[in-house]
Amino acid sequence: MSQGKVLVLHGPNLNLLGSRQPEIYGRETLDDVNNALRETAAGHDWGIDCFQSNHEGALIDAIHAARLDGTRAIIINPAAYTHTSVALLDALNAFEGRVYEVHISNVHQREAFRHHSYVSLRADGVIAGLGTQGYQAALAAVLAAATP
Ligand code: CA2
């Protein structure tokens, strides 16, 4: 039986992963990232739902759905909404499971506007600068937190 379900959310422009700016975001595509997460999760009897959207409201709707469908944790790279979206923060505040925020790049080494995150006010953990391996680190944290 499944141990639980994790929702992986990817914000705007992350559908372009692997196709541009490899010096910042690497060469893996979003499908590569999601498939690797599915494989890790399946090895631990966890399920994964992955969703990318370029629309703030669609990401918020996915968080609302996760409140009601037994999702135990959310791993989210809010992309540019990290730095702008009180609405995303409010939605995450209404979710009762664990929340991990992932950034592929080290946002603290970049422009000043990327140094502030609304989502970090809610996140149980924040990972930045590990490349796409950051998603695996977040999943490891979900699994560790759920181990009795
Ligand atoms: O480092 C990250 O993961 C970011 O969340 C990525 C966002 C950026 O706005 C954040 O400050 C940091 C940008 C995502 C855009 O992704 C692209 C990937 C490949 C090509 C073009 C954009």
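**Close-ups of the ligand site and selected residues**

**View 1. H103, H83 and I104 at the ligand.** In the side chain of H103, an N or O atom sits 2.9 Å from an oxygen atom of the ligand. This is a predicted model, so read the distances here as properties of that model. H83 also brings in its side chain, with an N or O atom 2.7 Å from a ligand oxygen. I104 uses its backbone instead: one of its polar backbone atoms lies 2.7 Å from an oxygen atom of the ligand. How much of the ligand's area does the protein bury? Of the 510 Å² that the ligand exposes when taken alone, 94% is buried by the protein.

**View 2. The shell around the ligand.** Zoom out a little and 17 residues surround the ligand. The closest of them are N77, H83, I104, S105 and R114. Sorted by class, the shell holds 9 nonpolar residues, 6 polar ones and 2 charged ones. Which pocket does the ligand take up? The ligand fills space in the largest pocket.

**View 3. R114, one of the closest residues to the ligand.** R114 is among the five closest residues of the ligand shell, and its place in the fold is the loop between β4 (98–103) and β5 (125–128). Its side chain has a protein partner too, making a polar contact of 2.7 Å with the side chain of E111. Buried or exposed? R114 counts as buried, because its relative accessible area of 19% falls under the 20% cut-off.

**View 4. The loop between β3 and α4, with P78 and A79.** Both P78 and A79 belong to this loop, which runs between β3 (71–77) and α4 (86–93). P78 has a relative accessible area of 1%, so it is buried. Along the sequence P78 and Y118 are 40 residues apart, yet their C-alpha atoms are 9.9 Å apart in space. A79 is the one to check on a Ramachandran plot: its phi is positive, about 50°, although it is not a glycine. For background, most residues other than glycine have a negative phi. A79 is buried as well, because its relative accessible area is 15%, under the 20% limit.

**View 5. N13, with a positive phi.** Here is another backbone angle worth a look: phi of N13 is near 75°, a positive value, and N13 is not a glycine. Where does N13 lie? N13 is in the loop between β1 (4–10) and α1 (22–25). With a relative accessible area of 51%, which is over 50%, N13 therefore counts as exposed.

**View 6. Q136 and its polar contacts.** Q136 lies in helix α5, which spans residues 133–146. What does the side chain of Q136 touch? One partner is T40, in a side-chain to side-chain polar contact of 2.9 Å. The backbone oxygen of A36 also comes in, 3.2 Å from a polar atom of the Q136 side chain.

**View 7. I60 and L89.** I60 is part of helix α3 (residues 56–68). Its relative accessibility is 14%, so I60 counts as buried. Add L89 to the view and you get a pair 29 residues apart along the chain, with 9.2 Å between the C-alpha atoms of I60 and L89.

Note on methods
Residues are numbered from 1 along each chain as its sequence is written. This is a predicted model: local features need pLDDT of at least 70, side-chain atom pairs count only at pLDDT 80 or more; totals for chains, interfaces and linings use all residues. Side-chain values use heavy atoms; hydrogens and water are left out. A residue is near a molecule or strand if one of its heavy atoms lies within 4 Å of it. A polar contact is a pair of N or O atoms within 3.5 Å; within protein, one must be able to donate a hydrogen and the other to accept it, and residues adjacent in sequence count only if both atoms are side-chain atoms. Accessible areas come from the Shrake-Rupley method with a 1.4 Å probe; for residues, only the protein chains shown count as cover. On a 1 Å grid over the protein atoms alone, a cavity is a set of points where a 1.4 Å probe fits but cannot get out, and a pocket is an open set with protein on both sides within 12 Å along at least five of seven lines; lining residues have an atom within 4 Å of a point. A molecule sits in a cavity or pocket if more than half of its atoms lie within 2 Å of its grid points. Ala, Val, Leu, Ile, Met, Phe, Trp, Tyr, Cys and Pro count as nonpolar, Asp, Glu, Lys and Arg as charged, and the others, Gly among them, as polar. Helices (H or I, at least four residues) and strands (E, at least two) are DSSP runs, numbered from the N terminus. Buried means under 20% relative accessible area, exposed over 50%, partly exposed in between (1.4 Å probe, protein chains only).
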